[in-house]
Amino acid sequence: MEQRPVWQTMLLWVVAIVLINVIWMNVAGQSAPNEINAEGKFQPHREVNISPVLGSTASIPATLETTFSSIAVNQANLSIAIKKDNVTTVYSWSGQLTDNVPVWTGELEPGRYVIETTIEEGVMVTQELQLQPFAPIQNVGHVALTLLLVALAWGEQGVRTLIARRTPSKQATSPAEKVPFKASKFDQEDDPLAWSDTDSPWREPLR
């Protein structure tokens, strides 16, 4: 088998590393939606538990989107609050039904959170909290995946080399040619009655 040129090997390495890092970048950038409130399913207090990812205690990027609507009233008092352990206020907003509700974007440390939403009768609300759980370990993931790819490649090469060394080389040997009819050499010592060319063709009969 012909050996691959060096430039082709380097190109394959670059493509593999870029590809695996692009895939990881897309995975780390994805958001996990968490429904807080929906039409007909309103609760003023919603608890959200944010767990650490792979043991990381880094804060997780989060986005809270809230939409208020009503077909019964034209004005109402509204408020939103995010509290950690139901004590520390991370974010709060209050306004009227006619106000534009801002989209909150920030970071939440792993822990227990309570989202408080206050509305008046006749108002409907939809809320969704989006989390990016892999964002805090994105850089670590790039390094780890790249090293893992290199380790797998070198490991495979090492296994191939080890197998090649332990496999005995098969030498091509030509089998001995067998002649179907081959005259056997006659050994005079095996037969005391054997005669040589110098003996006379006339011999006395055996008694």
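Biologist: Which residue's side chain meets that of Glu-47 in a salt bridge?
Modeller: This is a predicted model, in which local features need pLDDT of at least 70 and side-chain atom pairs count only at pLDDT 80 or more, while totals for chains, interfaces and linings use all residues. Residues are numbered from 1 along each chain as its sequence is written, and side-chain values use heavy atoms, with hydrogens and water left out. A salt bridge is defined here as a side-chain nitrogen of Lys or Arg within 4 Å of a carboxyl oxygen of Asp or Glu. At 3.3 Å, N to O, the side chain that meets Glu-47 is that of Arg-112.

Biologist: How many residues apart are Glu-47 and Arg-112, and in which strands do they lie?
Modeller: Strands are DSSP runs (E, at least two residues), and helices are too (H or I, at least four), numbered from the N terminus. Glu-47 belongs to strand S2 (residues 45-50) and Arg-112 to strand S7, and the pair links distant parts of the chain, with a separation of 65 residues.

Biologist: Is Arg-112 buried or exposed, or does it fall in between?
Modeller: The classes rest on relative accessible area, where buried means under 20%, exposed means over 50%, and partly exposed is in between, with a 1.4 Å probe and protein chains only. Because its relative accessible area is 31%, Arg-112 is partly exposed.

Biologist: Which residue meets Lys-83 in a salt bridge?
Modeller: Side chains of opposite charge can pair when their charged atoms come close. Here the N to O distance is 3.6 Å, and the partner of Lys-83 is Glu-116. Lys-83 lies in strand S4 and Glu-116 in strand S7, so this pair ties together parts that are 33 residues apart in sequence. With 21% relative accessibility, Lys-83 counts as partly exposed, whereas the residue that counts as buried, at 19%, is its partner Glu-116.

Biologist: Which residue meets Lys-84 in a salt bridge, and where does that residue lie?
Modeller: The side chains of Lys-84 and Glu-109 meet at 3.0 Å, N to O. Lys-84 is in strand S4, and the two residues are 25 places apart, since Glu-109 lies in the loop between strand S6 (104-108) and S7.

Biologist: How do strands S4 and S5 pair, and over how many bridges?
Modeller: Two strands pair if DSSP finds at least two bridges between them. Strand S4 (residues 77-84) and strand S5 (residues 88-96) form a hairpin with three residues between them, and one bridge in it joins Lys-84 to Thr-88. Their pairing is antiparallel, and the number of bridges is eight.

Biologist: Which residue in the turn of this hairpin has a positive phi of about 55 degrees?
Modeller: Most residues other than glycine have a negative phi, and most peptide bonds are trans. In the loop between S4 and S5, Asn-86 has a positive phi near 60 degrees, and at 39% relative accessibility it counts as partly exposed. The residue with about 55 degrees, which is not a glycine either, is partly exposed with a relative accessible area of 42%, and its name is Asp-85.

Biologist: In what order do the four strands of the open sheet stand?
Modeller: The edge strands are strand S1 (32-37) and S6, for each pairs on one side only. The twist averages 25 degrees from one strand to the next, taken between axes that are lines fitted to C-alpha atoms (for helices over the stretch in contact), with angles from 0 to 180 degrees between N-to-C directions. The pairing is antiparallel, and the order is S1-S8-S3-S6.

Biologist: Which residue in S8 is the bridge partner of Thr-66?
Modeller: Thr-66 sits in strand S3 (residues 60-69) and is buried, with a relative accessible area of 9%. S3 and S8 pair in the antiparallel sense over eight bridges, and in S8 the bridge partner of Thr-66 is Gln-127.

Biologist: Which two residues have the most contacts inside the largest nonpolar core?
Modeller: A nonpolar core is a set of buried Ala, Val, Leu, Ile, Met, Phe, Trp, Tyr and Cys residues joined through side-chain atoms within 4.5 Å. The largest one has 22 residues, and its largest share, four residues, comes from S3. Those with the most contacts inside this core are Phe-68 and Leu-129.
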